[in-house]
Amino acid sequence: MAVKLTKNEQKVQKDALKQFQRYLPTLQLKKQQLQMVIRQIQSQMEELKAKQKAVVAGMQDWIAVYNENTAFSPSLKIEHLVKVDKVVQTTGNIAGVRIPVFKELEFKPIVYDLNAYPLWVDKGLSALRDVARYDALVRTLEQQVDLLGKELRTTTQRVNLFEKVKIPQAKENIRRIGIYLGDQQTSAVVRGKIAKKKLVREA
């Protein structure tokens with residue numbers, strides 16, 4: 001875009017440069033904060049997945065025994081006793097981004113006949129609920145990473161725009177206007193001297 005080579009435009013460009021230079025550190029800080037938080041959430045997700053894996057591993061022996069026992073009807077599968085009702089979330093704010101925060105996982109109340117299930121059924125149901133909670137927690141964290149990732153991409157684009165386009169452009173415009181105004185001033189001085197000499201000769 002063509003820039004007017006005037007003192008007014010020079011002031012506009014200088015003001016714009018100050019604004020860009022003042023705003024850039026805030027954007028850079030936000031970018032760093034988002035990167036750090038995303039790394040922390042991803043680390044937290046890995047920890048939760050490892051805990052979930054450990055719970056599942058602990059369930060394997062008695063689930064295998066139960067599933068292989070043909071005395072139990074398929075309709076009495078233990079997983080039928082754990083049904084998620086809803087995931088309760090609140091809203092948090094990180095670097096100006098609204099994110100979901102896991103509060104709790106509510107299960108549908110299911111009544112069952114203790115005589116129809118093995119003795120460890122309560123322990124099994126508790127383990128299944130833990131697995132479901134880990135799932136809900138990880139999904140919530142994935143939502144957080146997704147939202148923060150979008151904001152990070154936008155912030156990174158803005159940082160790049162300021163660093164690589166806006167600030168260099170404003171500096172170049174100020175330089176060009178400065179050279180032009182300097183040349184104009186030099187020309188005016190030269191013209192003034194010529195006019196003065198001419199007046200002296202005519203006098």
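This text goes through the nonpolar cores and then the salt bridges of a predicted model.

The largest nonpolar core is a set of 16 residues. Within this core, L34, I41, I94 and L148 have the most contacts. Helix α1 (7-68), strand β2 and helix α2 each give two or more residues to the core. In soluble globular proteins, nonpolar side chains tend to be buried together.

L148 can serve as a point of entry to this region. Which residues does L148 contact, once its neighbours within four places in sequence are left aside? The list consists of L34, V37, I38, I41, I94, V97 and I99. Of these partners, L34, I41 and I94 are also named, with L148, as the residues with the most contacts inside the largest core. A second core, separate from this one, has 15 residues, including L105, F107, L125 and A127.

The charged side chains come next. How many salt bridges does a search of the whole structure find? The search finds 6, and three of them are described here, starting with a pair that links two strands.

E106 and K86 form a salt bridge through their side chains, with an N to O distance of 4.0 Å. E106 belongs to strand β2 (residues 97-107) and K86 to strand β1 (residues 84-94), so this salt bridge ties together parts that are 20 residues apart in sequence. Since buried means under 20% relative accessible area and exposed means over 50%, E106 counts as partly exposed at 25%. K86 is also partly exposed, with a relative accessibility of 45%.

The other two pairs lie in helix α2. D130 and R133 meet in a salt bridge through their side chains, at 3.5 Å from N to O. Both residues are in helix α2 (residues 121-202), 3 residues apart, so about one helical turn separates them. The relative accessibility of D130 is 31%, which makes this residue partly exposed. R133, at 32%, is partly exposed as well.

Further along helix α2, the side chains of D146 and K150 make a salt bridge with an N to O distance of 3.6 Å. What is the spacing of D146 and K150 in the helix? They are 4 residues apart, about one turn. D146 has a relative accessible area of 39% and is partly exposed. K150 is partly exposed too, with a relative accessible area of 45%.

Helix α2 therefore holds both of these charged pairs, and the helix also gives residues to the largest nonpolar core.

Conventions:
Residues are numbered from 1 along each chain as its sequence is written. This is a predicted model: local features need pLDDT of at least 70, side-chain atom pairs count only at pLDDT 80 or more; totals for chains, interfaces and linings use all residues. Side-chain values use heavy atoms; hydrogens and water are left out. Buried means under 20% relative accessible area, exposed over 50%, partly exposed in between (1.4 Å probe, protein chains only). A nonpolar core is a set of buried Ala, Val, Leu, Ile, Met, Phe, Trp, Tyr and Cys residues joined through side-chain atoms within 4.5 Å. Contact means heavy atoms within 4.5 Å.
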